Amino acid sequence: MRHVQIARLTWALTALFAAGAVVFAATRPAPETIAAADPAAASAAFEAHCAQCHGPREFPYWASIEPDPEERRAWLDRLLQRHYPPPEEERALVIEHIERTLAEGE
Ligand code: HEC
């Protein structure tokens, strides 16, 4: 009997956790959504943290390293956690600027 109660409790907690995760995912805007809304902020983030060493002429080369846009975002996201890391909340903006510039150049 007792193990049934424990199993029910475990199940209830799992369900609660899953529901919480869904609510969290639904209420938290994706970084791309924030960045996409503000091209000026994306450009400013790149200017502030990258432009002293890099310019848009390098973007096609970076794109050739990782041609798939989704894979490239993931690659840049990992890279920019150790390569002259911009502030955590600006990383998505920097990536958005690179992706937008590439898309506009096509
Ligand atoms: C102080 C100079 C400096 C800053 C600031 C800097 N980088 Fe770099 N970055 C380099 C150098 C040097 C390399 C290696 C040579 C190259 O590929 O240009 C490099 C390489 C890269 C690469 C290619 C990595 C590879 O595997 O070939 C990417 C992408 C990149 N940087 C993105 C950025 C972004 C985005 C920022 C801004 C957050 C940034 N970098 C800030 C100097 C810098």
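## Around the ligand

Let's start with a bit of vocabulary: Ala, Val, Leu, Ile, Met, Phe, Trp, Tyr, Cys and Pro count as nonpolar, Asp, Glu, Lys and Arg as charged, and the others, Gly among them, as polar. Sorted that way, the shell around the ligand holds nine nonpolar, four polar and no charged residues. A residue is near the ligand if its C-beta atom, placed from the backbone, lies within 6 Å of it. Of the 13 residues around the ligand, the nearest are His49, Cys50, Cys53, Trp62 and Tyr84.

## The model and its confidence

This is a predicted model, where local features need pLDDT of at least 70, side-chain atom pairs count only at pLDDT 80 or more, and totals for chains, interfaces and linings use all residues. Residues are numbered from 1 along each chain as its sequence is written.

Here pLDDT is the predictor's confidence in each residue, from 0 to 100. The chain has a mean pLDDT of 84, with 66% of its residues at 70 or more. Confidence bottoms out in helix α2 (residues 31–36), at a mean of 52, and is highest in helix α4 (residues 59–65), at 98.

## Helices and one busy face

The chain has six helices and zero strands; these are DSSP runs numbered from the N terminus (helices H or I, at least four residues; strands E, at least two).

Next, burial: a residue is buried if 20 or more other C-beta atoms lie within 10 Å of its own, exposed if 12 or fewer, and partly exposed in between, with C-beta atoms placed from the backbone. By that count, 15% of the chain's 106 residues are buried. In α3, the buried residues include Ala42, Ala45 and Phe46. They sit on the same side of α3 because they cover an arc of only 95 degrees around the axis, taken from the directions from the helix axis to the C-beta atoms. The face turned away from that buried side carries exposed Ala40 and Glu47.

## The core

A nonpolar core is a set of buried Ala, Val, Leu, Ile, Met, Phe, Trp, Tyr and Cys residues joined through C-beta atoms within 7 Å. The largest one here has 10 residues, among them Ala42, Phe46, Leu76 and Ile95. Two or more residues come from each of α3 (39–49) and α6 (91–105), and α6 gives the most, with five.

## An odd one: Tyr84

Tyr84 lies in the loop between α5 (69–79) and α6. Its phi is near 35 degrees, a positive value in a residue other than glycine. Most residues other than glycine have a negative phi. Tyr84 is also exposed, because 12 other C-beta atoms lie within 10 Å.
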